Amino acid sequence: MGRVRLSVAERRAELLRAAIEQISARGVAALRISDVAAALGVSNALVLYHFSTKEKLVAAAFTYAAEDDLARLGRLLDRRTSALRRLRAAVRWYAPTGQAKGWRLWIEGWAVALREPALREVARELDRQWKASIAEVIAEGVAAGEFRCSAPEEAALRLTALLDGLAVQLTSYGGTVSRVRAQRWMDEALARELGLEREALTAPRR
């Protein structure tokens with residue numbers, strides 16, 4: 001049987017998902033248009049028709065990954081529960097011990113962003129929106145009297161900086177920090193920023 005005919009948007013999404021998988025496996029430098037085409041059983045010409053160059057494909061792939069992560073973050077933070085529970089769920093998901101984006105992909109992206117302005121803008125915008133979303137929920141929790149934090153934006157910056165750093169340690173330098181220890185540090189950091197004891201993060205609601 002032949003391949004199912006896809007719309008332009010569906011085809012682009014399929015190509016971007018394949019590109020993300022290939023970047024995660026091979027890295028940007030080693031990635032070839034033919035790798036993406038072969039993964040889907042399509043021609044190189046089809047990939048180039050949609051993206052014209054490898055550089056445009058890579059930038060679009062990282063944009064796609066960023067938008068997916070932000071959409072998932074939004075769903076976590078929009079839940080009808082306390083700000084504390086939403087924050088802990090978001091931190092646990094984002095953390096390198098959770099189910100968030102493939103950290104190998106984003107560490108690769110950070111490296112390439114040093115030389116590629118387009119990708120640098122994608123990474124910067126993702127980072128900005130993550131911090132803004134976390135800061136907003138912290139402010140909501142403060143307003144509701146759930147916890148204390150005098151500077152939500154600074155707290156969000158410190159938390160995400162810790163998570164990014166731990167991601168590098170766990171992904172690039174396996175064995176330096178155990179996942180159990182990293183999880184404890186993340187819980188301790190979140191509790192400290194909110195003026196709570198660590199045990200309060202897991203205490204059942206009354």
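How are helix 6 and helix 8 oriented to each other, roughly parallel or roughly perpendicular? Keep that question in mind during the tour, which reaches this pair of helices after a look at the whole chain and at helix 3.

**Before you select anything**

This is a predicted model, in which local features need a pLDDT of at least 70 and side-chain atom pairs count only at pLDDT 80 or more, while totals for chains, interfaces and linings use all residues. Residues are numbered from 1 along each chain as its sequence is written, and side-chain values use heavy atoms, with hydrogens and water left out.

**The whole chain**

Begin by colouring the protein chain by pLDDT, the predictor's confidence in each residue on a scale from 0 to 100. The average over the chain is 87, and 93% of the residues score at least 70. Among the elements, the highest mean pLDDT, 96, belongs to helix 2 (residues 33-40), and the lowest, 84, to helix 6 (residues 103-113). As a general caution, where pLDDT is low, the predicted coordinates should not be read in detail.

Now switch to a cartoon view, where the secondary structure comes to nine helices and zero strands; here helices (H or I, at least four residues) and strands (E, at least two) are DSSP runs, numbered from the N terminus. The C-alpha trace spans about 60 × 35 × 35 Å along its principal axes. Of the 206 residues in the chain, 44% are buried, where buried means under 20% relative accessible area, exposed means over 50%, and partly exposed lies in between (1.4 Å probe, protein chains only).

**Helix 3 and the loops beside it**

Select Ser43 next, which is placed in the loop between helix 2 and helix 3 and counts as partly exposed at 39% relative accessibility. If you also select Arg158, you will find that its C-alpha atom is 45 Å from that of Ser43, with the two positions 115 residues apart in sequence.

Move on to helix 3 (residues 44-51) and show the side chains of Val47, His50 and Phe51, which are buried. Viewed down the axis of helix 3, these buried residues fall within an arc of 80°, so they line one face of the helix; the arc is that of the directions from the helix axis to the C-beta atoms. Turn to the other side of helix 3, and you will see Ala45 and Tyr49, which are exposed. The buried residues of helix 3 pack against helix 1 (8-26), helix 2 and helix 4 (54-77), with contact meaning heavy atoms within 4.5 Å.

Just after helix 3 comes Ser52, in the loop between helix 3 and helix 4. Ser52 has a positive phi, near 65°, although this residue is not glycine. Most residues other than glycine have a negative phi. At 41% relative accessibility, Ser52 counts as partly exposed.

**Helix 6 against helix 8**

Two packed helices are described by the angle between their axes and the distance between the axes. Select helix 6 together with helix 8 (residues 152-172), whose axes come within 10 Å and cross at roughly 110°. Axes are lines fitted to C-alpha atoms, for helices over the stretch in contact, and angles run from 0 to 180 degrees between N-to-C directions. Helix 6 and helix 8 are therefore roughly perpendicular to each other, since angles under 35 degrees count as roughly parallel, over 145 as roughly antiparallel, 65 to 115 as roughly perpendicular and the rest as oblique.

Show the side chains of Trp103, Arg104, Ile107 and Trp110 in helix 6, which meet Asp164, Ala167, Val168, Thr171 and Ser172 in helix 8. The residues of this contact divide into five nonpolar, two polar and two charged, where Ala, Val, Leu, Ile, Met, Phe, Trp, Tyr, Cys and Pro count as nonpolar, Asp, Glu, Lys and Arg as charged, and the others, Gly among them, as polar.

Still in helix 6, select Trp106, which is buried, with a relative accessible area of 2%. The C-alpha atoms of Trp106 and Ala167 are 9.6 Å apart, although 61 residues separate them along the chain.

**Helix 8 against helix 9**

Finally, keep helix 8 and add helix 9 (residues 179-193), noting that their axes come within 10 Å and cross at roughly 175°. Helix 8 and helix 9 are therefore roughly antiparallel to each other. By class, their contact has eleven nonpolar, no polar and three charged residues.

The last stop is Arg184 in helix 9, which counts as partly exposed at 31% relative accessibility.
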